[in-house]
Amino acid sequence: DVKLLDRGYAAVMSQVVESGAAPHFTELAAKLEIGLDEARELVHELVAITPGWTHPGTDYLASFPPFNLQPTHYRVTIDGAQRWHAQCGFEAMAIRWLVPGRAVRVDAP
C-alpha cells in the first residue's frame with residue numbers, strides 16, 4: 001500500500017526531525033490508526049525501501065536516512081540543540097533540506 005508507506009515514512013521522519021528519536025511501531029499504529037501487526041510490518045517495509053535498518057533481531061529503527069538513531073561520530077545540532085546523528089558524512093549534508101530556515105551544524109572528528 002503506497003499510501004500507507006508514504007504516511008508511515010512521513011510520520012517516522014517527522015518525529016525524528018522533531019525529537020531525534022524514531023517512534024516505536026506501537027506509536028506508529030496509534031498515529032496512523034492501524035493495527036499493531038500492520039505497524040510492525042510497516043517498519044520493516046520502510047527499512048526495505050531505504051538504506052536504513054532495524055537493530056538486529058528487533059523491530060526498533062536504528063537508522064532512518066539521513067539520520068542514524070544510535071550515536072555516531074556525525075553529531076548534528078539544529079538551532080543549538082544536539083539530539084541527532086547522521087548515518088554518515090554524506091547523509092549529514094542531506095539533513096539541511098529537512099529543516100528549512102533552521103541553523104544546522106555537523107561535527108565530525
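## A buried charge in helix α4

Let's start at E91, which sits in helix α4 (residues 89-94). Keep in mind while reading that the model is predicted. E91 is a buried residue, and yet it makes no salt bridge. Where is the nearest side chain of opposite charge? It belongs to R96, and it is 15 Å away. That is no salt bridge, because a salt bridge here needs a side-chain nitrogen of Lys or Arg within 4 Å of a carboxyl oxygen of Asp or Glu.

So what does E91 touch instead? Leaving aside residues up to four places away in sequence, its contacts are P51, P65, P66 and A86. Two of those names, P66 and A86, come back further down: P66 for its peptide bond, and A86 for its place opposite F67.

## The sheet, strand by strand

Now for the sheet. It is an open one with 6 strands, and the pairing is antiparallel. In what order do the strands lie? Going across, you meet β1, β2, β3, β5, β4 and β6. The edges are β1 (53-54) and β6, each of which pairs on one side only.

Working inward from the β1 side, β2 and β3 run antiparallel and are joined by 2 bridges. Here S63 has N68 in β3 as its bridge partner. Next, β3 is joined to β5 by 2 bridges, again with the strands running antiparallel. In this pair, F67 stands opposite A86 in β5, and A86 is one of the residues that E91 touches.

## β4 and its two neighbours

Strand β4 (residues 75-78) is a good place to pause. On one side, β4 pairs with β5 in the antiparallel sense over 4 bridges. On the other, β4 pairs with strand β6 (residues 104-107), also antiparallel and also over 4 bridges. T77 shows both pairings nicely: T77 faces Q82 in β5, and T77 also stands opposite R105 in β6. A little further along, I78 has A81 in β5 as its bridge partner.

β4 and β5 form a hairpin with 2 residues between the strands. One residue to look for in this hairpin is D79, whose phi is positive, near 50°.

## Unusual backbone spots

Most residues other than glycine have a negative phi, and most peptide bonds are trans. A few places in this model go the other way. D79, from the loop between β4 and β5, has its positive phi although it is not a glycine. Is D79 buried, exposed or in between? D79 counts as partly exposed because its relative accessible area is 47%. E33 is another such case: its phi is positive, about 55°, and it is not a glycine either. You'll find E33 in the loop between α2 and α3, and E33 counts as exposed because its relative accessibility is 74%.

Then there is the peptide bond from P65 to P66, which is cis, with omega near 10°. P66 lies in the loop between β2 and β3, and both P65 and P66 are among the contacts of E91.

## Helix α1, end to end

Back to the beginning of the chain. How far apart should the ends of helix α1 (residues 2-19) be? At 1.5 Å a residue, its 18 residues should span 26 Å, and the end C-alpha atoms are indeed 26 Å apart, so the two agree. At the start of α1, a side-chain oxygen of D1 comes to within 3.1 Å of the backbone nitrogen of K3. After α1 comes G20, with a positive phi near 85°.

Which residues of α1 are buried? L4, L5, G8, A11, V12, M13, Q15, V16 and V17 are. An α-helix has 3.6 residues a turn, so residues three or four places apart point the same way. As you look along α1, L4, G8 and A11 are among the buried residues to pick out. The cover over the buried residues of α1 includes the helices α2 (25-32) and α3 (36-48). It also includes the strands β2 (61-64), β3 (67-68) and β5 (81-86).

## Out at P71

Last stop: P71, in the loop between β3 and β4. P71 counts as exposed because its relative accessible area is 71%. How far is P71 from S14? The two are 57 residues apart along the chain, and their C-alpha atoms are separated by 19 Å.

Methods. Residues are numbered from 1 along each chain as its sequence is written. This is a predicted model: local features need pLDDT of at least 70, side-chain atom pairs count only at pLDDT 80 or more; totals for chains, interfaces and linings use all residues. Side-chain values use heavy atoms; hydrogens and water are left out. The expected span of a helix is 1.5 Å times one less than its number of residues. Buried means under 20% relative accessible area, exposed over 50%, partly exposed in between (1.4 Å probe, protein chains only). Contact means heavy atoms within 4.5 Å. A polar contact is a pair of N or O atoms within 3.5 Å; within protein, one must be able to donate a hydrogen and the other to accept it, and residues adjacent in sequence count only if both atoms are side-chain atoms. Lys and Arg count as positive and Asp and Glu as negative; His and the chain ends are not counted. Two strands pair if DSSP finds at least two bridges between them.
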